[in-house]
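Visitor: I would be grateful for a close look at a single part of this molecule, followed outward into its surroundings.

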Amino acid sequence: PNDGAATLFSSLGMAMAPSLLDTFKKNGEPRFPISTENVPLMNSDLLVVTANSPQMRGALESLPGYKNLTSVKDKAVSWLSVAEISGINQPSPLSLPYVLDKITPAFDAAAK
């Protein structure tokens with residue numbers, strides 16, 4: 001909850017998905033892998049994600065449970081490049097306006 005991305009989203013009035021916060025509290029790791037059978041842990045109103053290749057994106061999108069996530073159903077998923085996601089994880093005065101423009105459509109979809 002104290003990394004750059006969490007700080008950015010909380011400053012926008014958002015909160016972390018409770019299931020992810022619970023996992024953090026159990027293992028103390030700010031970043032942790034989510035195994036394929038635990039895709040439902042990613043259930044949230046908004047999902048901001050990156051994949052290193054189109055194949056990785058396709059693999060994630062085809063995981064059981066992915067299509068049932070609230071953010072996916074509501075089209076509130078923002079796919080960012082590795083560089084763009086870095087602008088969220090390590091926000092700067094230059095990265096924030098750029099990245100916020102990229103995720104605005106997902107914000108709009110989540111707000112409906």
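Visitor: Leaving aside its neighbours within four places in sequence, with which residues is Ser 44 in contact?

Guide: The model is a predicted one. Once neighbours up to four places away in sequence are set aside, the residues in contact with Ser 44 are Ala 17, Thr 70 and Ser 71. Ser 44 itself is placed in the loop between H2 and E1. Its relative accessible area is 18%, and because the limit for a buried residue is under 20%, Ser 44 counts as buried. A polar atom of the Ser 44 side chain lies 2.7 Å from the backbone oxygen of Leu 46.

The loop between H2 and E1 also holds Ser 35. Ser 35 has a relative accessibility of 31% and counts as partly exposed, whereas Ser 44 is buried. The side chain of Ser 35 makes a polar contact of 3.0 Å with the side chain of Glu 37, while the side chain of Ser 44 has a backbone oxygen, that of Leu 46, at 2.7 Å.

Leu 46 leads from this loop into the interior. Leu 46 belongs to the largest nonpolar core, a set of 11 residues that also contains Ala 5, Leu 8, Phe 9, Leu 80, Ile 85, Ile 88, Val 99, Ile 103, Ala 106 and Phe 107. Three helices each supply at least two residues of this core: H1 (4-11), H5 (82-89) and H6. H6 provides the largest share, with four residues. A second, separate core has nine residues, among them Met 42, Leu 60, Tyr 66 and Val 72.

Within the largest core, Leu 80 can be followed in detail. Apart from neighbours within four places in sequence, Leu 80 is in contact with Val 48, Val 49, Thr 50 and Ala 51, and also with Ile 85, Ile 88, Val 99, Lys 102 and Ile 103.

The aromatic members of the largest core deserve separate mention. The structure holds one aromatic pair. It is formed by Phe 9 and Phe 107 in an edge-to-face arrangement, with 6.5 Å from centre to centre and 75° between the planes. Phe 9 lies in helix H1 and Phe 107 in helix H6, so the pair ties together parts that are 98 residues apart in sequence. Both of these phenylalanines are buried.

On the H1 side, the buried residues are Gly 4, Ala 5, Ala 6, Leu 8 and Phe 9. Their cover includes E1, H5 and H6. Just after H1, Gly 13 adopts a positive phi of about 90°.

On the H6 side, two further residues of the helix may be compared. Ser 95 lies in H6, which spans residues 95-111, and Ser 95 is buried at a relative accessible area of 14%. A polar atom of the Ser 95 side chain is 3.0 Å from the backbone oxygen of Gly 87. Gly 87 and Gln 90 are the residues that Ser 95 touches when those up to four places away in sequence are not counted.

Ala 110 is likewise part of helix H6. Ala 110 has a relative accessibility of 26% and counts as partly exposed. With neighbours within four places in sequence left aside, Ala 110 is in contact with Asp 45, Leu 46 and Ala 76, which returns the path to Leu 46, whose backbone oxygen lies 2.7 Å from a polar atom of the Ser 44 side chain. Ala 110 and Lys 73 are 37 residues apart in sequence, and their C-alpha atoms are 9.9 Å apart in space.

The loop between helix H4 (70-73) and strand E2 (77-80) holds Lys 75. Although not a glycine, Lys 75 has a positive phi of about 60°. Its relative accessible area of 67% makes Lys 75 exposed.

The largest pocket completes the view. It holds about 1,400 Å³ of space. Its lining comprises 43 residues, and those nearest its centre are Leu 20, Arg 31, Ile 34, Leu 47 and Val 48. Two or more lining residues come from each of H1, helix H2 (18-27), strand E1 (47-50), helix H3 (54-61) and H5. Val 48 thus appears in two settings, because it is among the residues nearest the pocket centre and is also in contact with Leu 80.

Technical notes
Residues are numbered from 1 along each chain as its sequence is written. This is a predicted model: local features need pLDDT of at least 70, side-chain atom pairs count only at pLDDT 80 or more; totals for chains, interfaces and linings use all residues. Side-chain values use heavy atoms; hydrogens and water are left out. Buried means under 20% relative accessible area, exposed over 50%, partly exposed in between (1.4 Å probe, protein chains only). A polar contact is a pair of N or O atoms within 3.5 Å; within protein, one must be able to donate a hydrogen and the other to accept it, and residues adjacent in sequence count only if both atoms are side-chain atoms. Contact means heavy atoms within 4.5 Å. A nonpolar core is a set of buried Ala, Val, Leu, Ile, Met, Phe, Trp, Tyr and Cys residues joined through side-chain atoms within 4.5 Å. Rings of Phe, Tyr and Trp (its six-membered ring) pair if their centres lie within 6.5 Å; planes under 30 degrees apart count as stacked, over 60 as edge-to-face and the rest as tilted. On a 1 Å grid over the protein atoms alone, a cavity is a set of points where a 1.4 Å probe fits but cannot get out, and a pocket is an open set with protein on both sides within 12 Å along at least five of seven lines; lining residues have an atom within 4 Å of a point. Grid points are joined across faces, edges and corners, and a volume is the space filled by probe spheres set on the points.
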